[in-house]
Every structure is written in C-alpha cells, then in structure tokens.
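Biologist: Could you take me on a close look at one strand and its partners, and then show me how that part sits in the whole chain? I'd like one connected walk-through, please.

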Amino acid sequence: MTASISAYAGGLPVNYTRADINVKGTVKDSQGNPIPGVSVQVKNLTSRGTSTNAEGAYALTVPENSVLVFRAIGFKTKEVTAAKAGTIDISLEDESSNLNEVVVVAYGTQKRTSLTGAIATVTPKQLKDRPVTSIQNALQGVSPGLTILQRPGDLSRDASASTTVSIRGRSSLVSGGSNPMYVIDGIPASAQEFATLNPNDISSMSVLKDASSAALYGSRAANGVIMVTTKRGNGEKTTVELNANYGWQSPTKMAKYVGSGDYTTLYNEALTNAGGAPLFTAEQIQWYKDGSKPDLYPNTDWYDKVLRKTAPLSDINLNINAPGKITNSYLGVSYLSQESIIPNKDQNRFVAKLNTETTIVPEILKVGTNFSFINQNFDRKGNMSWTELNRSLPTSVFRQSNGDWGSIDNGKANAQTAGRNQARIIEEGGKAWDRDNYFQTSANATLTPLKGLSINGLVSLKYTNGNSWSFNNTLDPINDFLTGKPITSTQKVQNDMLEYWRKRRELLTQVTTDYERTFGKHYGKLTVGASQESNTYRTAFVGRKNFPNNDMTTVVSGSSNPEDINSDDDGQANRSNQQDWAMRSVFGRFNYAFNDKYLLEVNTRIDYSSRFRKDIRRAVFPSFSAGWNVSKEDFMKNVDWINNLKLRGSWGSLGNQDVVSIGNYFDLLNTGYQYSFEEAPQGGVWSAKIANPLATWEKVYMTDLGIDLSMFNGKLDITTDYYIKNTKDLLMRVPALATSGVNTSTTDAINSGLPLSNGAATQNKGFELAITHNNKIGSDFTFSIGGNLSIIKSTITKLGDGSETFDGRFIQKVGESIGSFTDMNQKVFLLMLLT
C-alpha cells in the first residue's frame, strides 16, 4: 500500500507518495509493566490506528516517516517517528501521579516523591476559576486540615477580616493567635497581603501542615505555613491575557420582618399569656393590616427600606508573560470594585506585581527582582448599626407623607424609634474613608559556582502607609409629625472627627546555601541559612470636637479647647506611638535518600526575638521525619495496580511569638489629661498595664503519621494523615484582684491591664483523608473529581491554676474545646424555648 500526500508549489498541487511500512512493539509503564488499551494513532491521519492488547502489544501499517501518537488514561501522551519498518517499543510516563512534581518547601524545593512531611499543594487552576474577592475564600475545601471559615460580613478595610484561616484546628487562647504564617516569594507577609493576591499571579502554593515541614520557620510556624510562589516569565513567546468580570452580590438569606399586623397581634398575645393587658386595640391592629393610616399605623419592612437588594461587583485582570533570552518578566495588574448592600459604602482595590529573572552567567548566576503594589480605598457614609436596625419596629414610620423622617410609632411620637432610623444615619450621620498602600521591593540572586552547590541571597524592603478618617455630623432634630415641633432628643449638637496615620517599614535580609550530591544509591542535600528581620510601626492620632459646620473637617477647624480633644479606646488624641521589633535566625535542613526508597529529613531553627527579654529570647525548634517508598521495593514489582505507596512519619516542635504584644516585658506608661484642678485639666502619667518579663513563646510539639497512595495508573490518589498536636505554655491572662490598680478583665485584649502569662495547654488530635479520581473521556476531555475529610478533636488540658475562665458568651474550660458555649447561654436558650 502507499499513502498520497498533496502539497502546493507556486500555486500548483504536487503529490508525494510514501510507501507503507509495518511497525510493531510493546507499550509499558515506567516500571516495565505492559499497558493494555493504549491508543496508537498516525498523527493527522485518523484512518490509521489501533490499540494495544492485554500484553501491551500492537501492530500497525503506517506511511513511512509518519508520526505515531500513543495515548492512554493516566499517562502522558507520547509521539514517535516511524522512520522504517520494525519494532518500536514505548515507555509511557505516569501523568497524574505527579511524583516528579517539584514542591515548594521552606527555603527551597523538593520532588514530591522525596517528601516526608505533611505538605498539601494547591494548583493555580484550583484558584483561578473561583469567583471570590479574597484568595483566602478560594482555598475553601481544597485540602483536608485547612479550614476556611467565611463569616457573613460587610466590606471593610481589612480584606481578611471576614475570613478565619486555620490549619489543623485552633490551639491558642489569644484572639488571632491561631492564624497561620504566610510567606509570599520567600518573604513573610500579612494576612491582608495574602488576601489581596490576584489568583492569576500565583504559580504554586504549598500548605505546610506538620512540624517537620514547617520547622524552618520556627517561632511563627506553630499554626502552619501557607507558602505562595508568584509567576515569572517563561515559555517561548510573549502572551497577554485579559479577564474581566461583572456581577451582582446578594445575601444568601435575609431575615424576613414580621408585618405590623402580625407583630401587634402576637405582642398582645404574649402580654395576655403573661397576665398583662393588651397594648394594641383591635382598631389599631386593623389599621396596621389595611394600611389606611400609613402616617400613624404603618407596616414598615426596615430591611427593605434601608438595605439594597443587590450590590455590584467587578474586577479586571491583565497578565503579561514576557520570556527572553536573558531576562524573563511577568506583569500582573488587577482592579477590583465592590459595593455593599448598605447604601453609600464601597471599596476598590488596585494590585500590581512585576517579577523579573535575569541570567547573568548561564548556569552560574541568576538575579531576580520583585515589585508589588497594593492600593485599597474604602469609603462609606454614616455608621449604620446592624443592632439598631434589627431593633427597629414595623409599627414605626420610615418617612412621613410630608417628606420628614418618621417620628410616629403606634400613632404617637416616639423619640427613641425616630432616632433609631438607620437610613437617616447613613444619609446624614457623617462620612469616613480609609486609604491603604502597600509597596514591596526585593532582589534575589542565585550563584552556582560548583555542580550541586548554590548560594542564594534575598533582600526585601516593604513599606505600608495607611490613613483613616471619620467625621460624625451634627444632626437637626426630627419634627413631631402631629405637632410640627422638633423632638429635641433626636438632635445631635456636637460633631467630631478622628484621623489616624499608620506607617510600617519591614526589612529582611536572608542568605541560604544548598549542597546536594548523589553517590551511587545515596542522595544527600544540606541547606543552611540565616536571616535578619526588623520591623518599625509608627502611628499618629488626631481628633477634635465642635467644628463650625459639617463641611470644615480638618483638625485645625475643630475647637481648640482642651475638653474638645477627641479620644478613642487607647486614650486621648494628639498622640503618636512607635513599636519596634526584630528577629535574628539561623536554620538548617539535611535530606538523605537511599535508592529513592528510604528517606530521612532533619530540620533545626534557632530564633532570637526582641519580643522577649534578652536572657530568654532564644528558642530552638528541631524536627525529624522519615519515609519509606514501599512501591519501589522488589516485592511490589508484580503489584500492577499500585503505582506509588509511601509511608511517612514526623515529629517536631514549633513556636508562636506573634501572640506576645510588643513591650510585654516593659513597664509601659501612659500620659494624658487625668486630673482637674480649679476647673482646669491637668496632665498625668500612669501605668495601665502590668509587665511580665518572663513571658515566652507558645510551643507546639506535633507527631504525624501519613500514607500516600496512587493506584490504577494514577486514576486514584489517596492521602491520609493522623496527627497529635500538643501546645504548651499557652498565653493567657491569669485572674487577679480588682484592687490590682489596672483593668482586671481576662478577655478584653485592648483594655485589660493584666499581662499575658504562659499558663495553659491544649491538645489537638486529627485525621485527614483526601481522595482524587483522575480520568479521560476520549483524547481531549480530562477530568478530576476529589473530596476530602478532616476530623479534629481539640481539648484544653491546662488552664493556669484554675479549671475555667469566661470570655463573653464563651467559656475556656479544662476538658472542653477552645471557645465552648457557656452553660449560662444554654440555660437561657432552654428557658426561652420553655416560655
């Protein structure tokens, strides 16, 4: 047989004839096992094809020099040229088992097949297609043990405020003490920086869940680490990608207001059942029902009157990938605009990232840069209270028929319900805004002077600048609809202004050295490094009262009288504060593998933190882990349905320094107006907080046992872990006598004068399971279906010298989980049900 191929020369068809040849062979996997059902097709000639039999063999007649395409579920597609007749044996590489995938770990990378710690990876595809305004929310459900709690919330200047992220459960009693550490491109980052990341800019993400994998981050890794690597320019040509979205948001569920007819009927019924007299007459109830007197007996749905049904949301992303012979670059720009269901409340965010990588000397020296900028603006009018909105009654008027704000409730003027009108607060109560800017610049270099030896340096400088301003207007009184006279108590005669300035500077210098060698069946890699961080945070607060009008809003326009200086929870205005802290660290890791079967990893980090007194600021965090690639043993060669089986275990210690407030071991003094002599305010100096010079790190000791299993040529992947996480020296405020001279609250983190002391302990036990099925339909449609399960049991094992402390409606009690509900709440709830 022959095959005829047509081409064109000078516009005229030219036919080439190629002779057919016979080829045959066997298709096997990477372990030498035959693969049945492999599709063998001549490229661009669909009429020529076959499949391998049960022994993985095939035979086919094809045109000479044609390209054969080998496809099989669970394996990478392979193309081979059939230059002449004969035998062509093929080995297909596993596609979905991703054992050779490079995973980002602390201060480096490792092949997945050599990992011994509990590390979950998140692909860009898993994040990119999720319509969320925060990358934190996009992580929901992607990995067992990674809990994303998205509380229903409104817009705020903090993109991470409505989302709680925890890895393997909460273990700290201090609010915010269970947050993971975030690292972006090797640089520690805040939750705000992480939340505002553009999913399109992410190249890879790793979640370090156990002590072994997170140990190199030491005193900030007690709650796990989320590491992100952003994109660099790569590929063969420049690509430009533009994505834009526009939509509307609406609450999943809103409470429905009871109409005034039902409300008055039920209210009378409740009074009668309690032995009292009805409040509403039958005639009034009828007026509420028929709406005949809306100025006196309305039927007001306050949610409908005050809130919007939907709020628009839009975002646009531009990504430019520009590879080059010497320099690769990547530019990502995004803009988000989001409005609230509360009128006149919105935010917009602009994010830009520019990464470059330049090859100075091929295979010897590379230099990279990273520039990031975030601008976030948050604007609103008034200061609506959800509590007051929910207290508003359907029997009170929203607006009178003459256009005035409502003053009538149940046929009478009511100053309390009139002043509660949240639409009036939004429209006339005042205005506020926040302006936040984050700028980071960093440079890194990698020198490879010898084979297997690399020296890496990193310098990062980060600036944060924020400005918040709010102004509360004077308010004219609401007129009594019945008499036309003003209701004096609804008037606000004094306006006031608060303004804050925030400035932070963070400097990081870091150097690491890697050396890896292979000697026969032995592989070893050593990583050593050191880092120095410094952080300066400065704030200023100004505020005045009694401005001439609501349009003159700068501080110089306010009253200069000493009693008109504004204040907040921390004291009076016209003040500035500065906080400084630093950390110096050395760390190291050793990896060893024998014949790629038996794996060992040892990590150690030593931290010196200025948050603690000089003689106790040093902490050592060691960890050990080991793994056994069972599937590589000789006795597993004939187990065709198992592609990968690895057993692993780890133990290590971690710390948590971020819960310790800066200056916790200093005697801090406050200054301000404290006394009045002869009707003149006088300044004073006092101590509002007790120091604790012995406070130190919260410490975590974690044991982890895990199994990684891949079966049926990568069609089924299973990962499971069991862990025990013991947290000791937890910080808490030990109860003290009220005569101590300070605020003795054990739960009010802002105003309490009690120091944090290492007196509590918890234990978290957990089981994690992740199952993924990978498959294909035809040659073009690939799909993956996965699910995960996480079970966590958290128990408080020690609570200072006592057995319980109260935290508002929660209780911390030995033998119970952190943040359990108090019995008092349960009893009140039961009493409500009984009555």
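Modeller: Strand 17 (residues 202-208) and strand 18 run antiparallel, joined by six bridges. One pairing to pick out on your screen is V207, whose bridge partner in strand 18 is I226. Please keep in mind throughout that this is a predicted model.

Strand 18 also has a second partner. Four bridges tie it to strand 15 (residues 181-184), and here the two strands run parallel. I184 of strand 15 has V228 of strand 18 as its bridge partner. So what surrounds strand 18, and how many of its residues are buried? Strand 18 covers residues 225-230, and five of these six residues are buried, so the strand is largely enclosed by the rest of the structure.

For contrast in your viewer, turn to strand 3, which covers residues 39-42. V40 and V42 make up its covered face, while S39 and Q41 sit on the uncovered one. The general background is simple: in a regular strand the side chains alternate between the two faces of the sheet. Strand 3 runs antiparallel to strand 6 (residues 66-71), and four bridges join them. From the covered face, V42 stands opposite L68 in strand 6.

Now let's step back to the whole protein. Its secondary structure comes to eleven helices and 46 strands. The C-alpha trace spans about 105 × 70 × 60 Å along its principal axes. Of the 835 residues, 43% are buried. If you look at contacts with a separation of 6 or more, 65% of them are between residues 24 or more positions apart. On the outside, the protein exposes about 41900 Å², and carbon and sulfur atoms supply 55% of that area.

The inside is worth a look as well. Rolling a probe the size of a water molecule over the atoms shows where empty space is left. In this model there are three cavities of 30 Å³ or more. The largest cavity holds about 200 Å³ of space. It is lined by 19 residues, and the closest to its centre are E193, L197, K353, S372 and I374. Strand 22 (345-361), strand 23 (365-381) and strand 26 (430-450) are the elements that give two or more residues to this lining. Strand 23 makes the largest contribution, with four residues. Sorted by class, the lining of the largest cavity has nine nonpolar, five polar and five charged residues.

The second largest cavity has a volume of about 80 Å³. Its lining brings together V105, Q110, L115, T116, G117, I119, S212, S213, R589, E601 and N603. Helix 4 (211-214) and strand 35 (598-609) each supply at least two of the lining residues. By class, the lining of the second largest cavity divides into three nonpolar, six polar and two charged residues.

Finally, a few loop residues deserve a click. N574 lies in the loop between strand 33 (571-572) and strand 34 (575-594). Its phi is positive, about 60 degrees, although N574 is not a glycine. Is N574 buried or partly exposed? Its relative accessibility is 39%, so N574 counts as partly exposed.

F712 gives you another positive phi in a residue other than glycine, near 55 degrees. You will find F712 in the loop between strand 40 (698-711) and strand 41 (716-732). F712 is partly exposed too, because its relative accessible area is 42%.

The last stop is F666, in the loop between strand 37 (642-656) and strand 38 (670-677). With a relative accessible area of 46%, F666 is partly exposed. If you would like a distance to check in your viewer, try F666 and A432: they are 234 residues apart along the chain, and their C-alpha atoms are separated by 35 Å.

To come back to your close look, strand 18 has strand 17 as an antiparallel partner with six bridges, and strand 15 as a parallel partner with four.

Conventions. Residues numbered from 1 in each chain as written. Heavy atoms only, no water. 1 Å grid on protein atoms, 1.4 Å probe; cavity = no way out; pocket = protein on both sides within 12 Å on 5 of 7 lines; lining within 4 Å. Points joined across faces, edges and corners; volume = space filled by probe spheres on them. Nonpolar A, V, L, I, M, F, W, Y, C, P; charged D, E, K, R; others polar. Buried < 20%, exposed > 50% of the residue type's maximum accessible area, 1.4 Å probe, protein only. Contact = heavy atoms within 4.5 Å. Areas by Shrake-Rupley, 256 points an atom, 1.4 Å probe, with all protein chains shown as cover. Pairing = 2+ DSSP bridges.
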